[in-house]
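Please examine the sequence and the three-dimensional structure shown below. A short report on selected features accompanies them.

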Amino acid sequence: MSFETKLNDGIFCIPKCDDCKKIVWPPADLCNHCFGNVSLKEGEFEGKIIEFSSKENLYFCLVEFEKTFRIIATILKTPDVGQSVKISKCGIIGGDYFFEVN
Amino acid sequence: MNKVGIVGYGITPFTKDDKKIESILIDSVKELFKNNSDINRNDVDAVLVSTNNNSKYLSPILSEMIGIQPKIAHSIENLCNSGTNSIVSAYSYIASGLADMVLVSGAERYDSPGSVLEWDVSRGEYKHPIFWSSIFTKSYKRKYNISEERLSMVSVKNHKQAKENPNALSNRVFTIGDVINSKQLTDDLRLLDCSRPCTGSASIILGTEEKVKKLSKEPIWITGIGQKTTSAGFTKNISFTSMDSTKQAVDTALKMSKKTITNIDVVELHDAFSVCEPLALESLGFSEDGTGVDLVKELYDTNNFKINPRGGLIGCGHPLGATGIAQTIEITQQLQSNANKRQVDNAKVGLIHNMSAAATSSTVLILEK
Ligand SMILES: [Zn+2]
């Protein structure tokens with residue numbers, strides 16, 4: 001199952017290398033460290049808000065997971081830098097990934 | 001390594017025109033040969049086209065349109081710094097002896113597909129450049145306690161300078177009030193903080209020492225080149241208050257030219273958004289961290305055109321594939337004391353800073369008389 005198939009089902013996974021155990025981000029079939037195979041780990045991952053801004057009163061924030069990789073996600077409540085968040089919604093709309101945290 | 005310099009250049013006004021990419025491309029090439037009648041087109045042995053346009057085979061097409069049969073002809077794309085990447089490729093062909101004269105021609109349409117990097121899925125639905133620039137702006141304002149008013153001086157200064165540039169998209173001046181009251185795009189970005197996509201073209205011919213001495217009355221040499229790509233994705237940047245790739249590129253370029261940053265008299269830097277100018281000034285080494293905006297204000301107050309004399313990307317518009325070439329032409333004109341009302345006094349050494357995709361890739365060039 002690919003990261004994208006899972007994401008399309010609303011499940012956020014973290015891709016990890018079977019050999020060197022490093023997180024492979026952005027998601028890929030091949031580890032960018034050792035070229036090993038990549039497996040998906042499901043879970044309730046906690047991220048930290050690095051920075052945020054807003055567009056038309058909708059906040060978007062840069063969130064770091066596992067001290068390794070970052071995404072830009074929507075957040076409905078007023079965010080704070082350093083705040084801990086979890087993925088509350090994700091998927092693919094019109095070909096674009098989307099992430100929401102709270 | 002052979003010495004490489006600038007033989008001639010041509011540039012036409014940046015517009016919002018809806019024209020075919022081939023016609024846009026030919027505009028500045030025609031201007032180049034019109035202004036440099038001593039150049040024999042048949043001596044051009046490589047043609048490089050810099051663009052993000054999806055049309056294929058543009059270098060052979062351009063070559064056929066101007067009636068030449070070069071040895072080397074191909075396109076170069078690297079989003080917003082395609083232009084300087086093409087110049088570096090031209091330099092390499094000449095320095096290695098594979099070519100004696102290379103025509104580098106950049107062109108873009110206002111609706112370029114190069115504005116959005118679809119691959120960068122970490123940005124989620126926030127793929128448009130206004131989102132990465134909002135994150136940079138917020139981080140910069142937060143870390144150094146910079147107000148929107150102080151940052152807006154970048155746009156005020158660059159529009160003022162663009163007014164003296166007949167090829168710039170903008171010919172209006174704006175006040176700080178105009179900038180901070182212009183259309184709000186995000187909480188941290190106004191319309192006048194942004195460079196605008198536009199239609200434009202710029203062409204330059206590089207040559208061997210022999211060609212440059214023969215064909216240019218005022219030879220200008222490329223003495224330093226530095227490039228660094230740290231990632232493709234915005235979220236991989238190690239800092240959102242500086243430009244890591246720029247720091248590494250400028251270090252390489254200065255070493256190659258045996259110069260220090262204090263030797264630089266005039267600069268074109270990549271102000272895709274207001275925040276990019278202080279970030280670049282600091283990362284290039286012109287200002288201490290958090291003080292780039294003070295330098296911008298000082299230059300404005302003293303009517304000093306040292307930084308972005310042509311008006312930068314904010315004043316000129318940003319036809320992606322043409323931008324790096326247009327920047328290089330401006331610095332060439334400055335060093336040739338040929339920049340009219342934009343002229344920086346006694347300019348002997350110039351620097352070009354051109355970057356891509358939220359500073360994930362930077363090119364720095366050093367030019368000298
Ligand atoms: Zn691995």
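The report covers confidence, one helix and its packing, and some backbone details.

This is a predicted model, in which local features need pLDDT of at least 70, side-chain atom pairs count only at pLDDT 80 or more, and totals for chains, interfaces and linings use all residues. Residues are numbered from 1 along each chain as its sequence is written, chains are lettered from A and ligands numbered from 1 in the order in which they are written, and side-chain values use heavy atoms, with hydrogens and water left out.

The model has an ipTM of 0.95 and a pTM of 0.97. For chain B, the average pLDDT (the predictor's confidence in each residue, from 0 to 100) is 97, and 100% of the residues score at least 70.

Helices (H or I, at least four residues) and strands (E, at least two) are DSSP runs, numbered from the N terminus. Helix H5 of chain B comprises 15 residues, 148-162. From its first C-alpha to its last it reaches 22 Å, close to the expected 21 Å; the expected span is 1.5 Å times one less than the number of residues.

Is H5(B) largely enclosed or not enclosed by the rest of the structure? Because 12 of its 15 residues are buried, H5(B) is largely enclosed. Here buried means under 20% relative accessible area, exposed over 50%, and partly exposed in between (1.4 Å probe, protein chains only). Among the buried residues of H5(B) are B:Leu151, B:Met153 and B:Val154. Their cover includes H4, H6, H9, H10 and H11 of chain B.

At what angle do H5(B) and H10(B) pack? The angle is about 40 degrees, and the axes are 9 Å apart. Axes are lines fitted to C-alpha atoms, for helices over the stretch in contact, and angles run from 0 to 180 degrees between N-to-C directions. The two helices are therefore oblique to each other; angles under 35 degrees count as roughly parallel, over 145 as roughly antiparallel, 65 to 115 as roughly perpendicular and the rest as oblique. Contact (heavy atoms within 4.5 Å) involves residues including B:Arg150 and B:Lys157 of H5(B) and B:Asp294 and B:Tyr300 of H10(B).

Two residues of chain B that are not glycine have a positive phi.

| Residue | Phi | Loop in chain B | Relative accessible area |
|---|---|---|---|
| B:Leu79 | about 50 degrees | between S3 (72-76) and H3 (82-95) | 14%, buried |
| B:Asn303 | near 55 degrees | between H10 (292-301) and H11 (312-316) | 49%, partly exposed |

In chain A, a cis peptide bond with omega about 0 degrees joins A:Trp25 and A:Pro26. A:Pro26 lies in the loop between strands S1 (13-17) and S2 (38-42).
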